[in-house]
Amino acid sequence: MGGATGVIAVTGASGHIGRRVADRLAMAGVPVRLVGRDPARLPELPGAVHAPPASYGDGEAMRRALDGADTLFLVSAHENPGRVTEHRTAVDAAVSAGVGRIVYLSFQGAAPDATFTFARDHWHTEQYIRAHDGLAYTFLRDSWYLAGIPAMTGRDGVIRGPAGNGRVAAVAHADIADVAAVALLRPAAHDGATYDVTGPEAFTLAEAAEEMSRATGRTIRYLPETRDEAYASRSGYGAPEWQVTGWVTSYEAIARGEMGAVSDTVHRLTGHAPMTLRDFLARHPRSYAHLTA
């Protein structure tokens with residue numbers, strides 16, 4: 001593993017990506033430390049140990065959780081107004097604990113002026129990691145999740161949003177995890193790299209609706225919205241303004257082409273083709289169970 005202990009710490013190990021990454025590392029026989037706020041939710045995996053409970057915003061707890069690890073797989077925190085501060089605290093704790101390498105799960109199109117407001121957080125986090133002299137890093141900029149397509153489809157069979165005719169190169173959680181495992185296990189080949197991690201195709205939400213129609217056996221349609229309509233249609237959720245803005249701007253980023261670039265990262269790093277939307281729906285019928293009940 002290129003370090004003194006070879007220990008890889010995995011955050012978000014009870015989540016969709018962290019759990020999959022931890023599984024792959026355990027299968028590879030490397031020592032894994034699972035980090036989370038609630039150890040009871042962490043999986044039991046061969047060769048893996050549970051770190052003391054820690055959250056990103058608690059620097060001392062994170063330092064204890066990461067003490068002795070060589071590498072950190074840092075899954076971004078849940079969206080909130082203080083997310084960048086939480087990330088910085090976690091990075092500082094990792095460096096203090098002796099971590100020499102971070103593989104950070106970022107987002108496609110991360111930039112200080114990204115249309116998608118949450119993507120700006122990722123850019124600021126990347127810059128903070130880069131600023132630490134001697135800290136090796138790899139950034140994985142994933143696109144929208146394929147699982148998000150059925151999730152954003154209402155029970156009425158409508159996908160709503162201001163995405164226009166823009167395209168999105170959505171990717172499966174499993175494919176992201178495969179890429180992350182390769183980056184973690186082969187540091188020399190990937191240190192300093194920034195990878196877009198996407199599916200094999202970029203599709204419009206109207207095309208996604210057609211694919212959903214095939215899978216569900218009912219008519220699914222895409223309803224383009226204006227910005228005002230998008231805010232109005234989400235006003236009943238009771239979410240704070242910053243969160244609604246994140247939801248709305250994610251669609252606007254699609255409209256502006258910021259999520260449409262297709263990369264070959266999955267195939268190049270893992271040797272297998274990434275899942276298409278059709279593949280995903282065929283393998284995960286539970287993802288659209290709310291549309292067929």
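This is a short tour of two paired strands and the aromatic contacts of a predicted model.

**First stop: strands E6 and E8.** Select residues 194-197, which make up strand E8. Show the side chains and you will see them alternate. Tyr-195 and Val-197 point to one face and are buried, while Thr-194 and Asp-196 point to the other face and are not buried. Now add residues 136-142, strand E6. E6 and E8 run parallel, joined by 4 bridges. To find your place across the pairing, pick Leu-140: it stands opposite Tyr-195 in E8.

**Second stop: the aromatic pairs.** How many aromatic pairs does a search of the whole structure find? There are 7. Start with Phe-107 and Phe-116: the ring centres lie 5.2 Å apart with the planes at 65°, which is over the 60° cut-off, so this pair counts as edge-to-face. Phe-107 is buried, at 9% relative accessible area, and Phe-116 is buried too, with a relative accessibility of 9%.

Next, select Trp-144 and Tyr-251. With ring centres 5.6 Å apart and planes at 90°, this pair is also edge-to-face. The contact links distant parts of the chain, as the two residues are 107 residues apart. Trp-144 sits in the loop between E6 and helix H5 (148-151), whereas Tyr-251 belongs to helix H10, residues 241-255. Both Trp-144 and Tyr-251 are buried.

**Last stop: an aromatic cluster.** Go back to Phe-107 and Phe-116, then add Phe-118 and Trp-242 to the selection. Together these four residues form one aromatic cluster.

Key
Residues are numbered from 1 along each chain as its sequence is written. This is a predicted model: local features need pLDDT of at least 70, side-chain atom pairs count only at pLDDT 80 or more; totals for chains, interfaces and linings use all residues. Side-chain values use heavy atoms; hydrogens and water are left out. Buried means under 20% relative accessible area, exposed over 50%, partly exposed in between (1.4 Å probe, protein chains only). Two strands pair if DSSP finds at least two bridges between them. Rings of Phe, Tyr and Trp (its six-membered ring) pair if their centres lie within 6.5 Å; planes under 30 degrees apart count as stacked, over 60 as edge-to-face and the rest as tilted.
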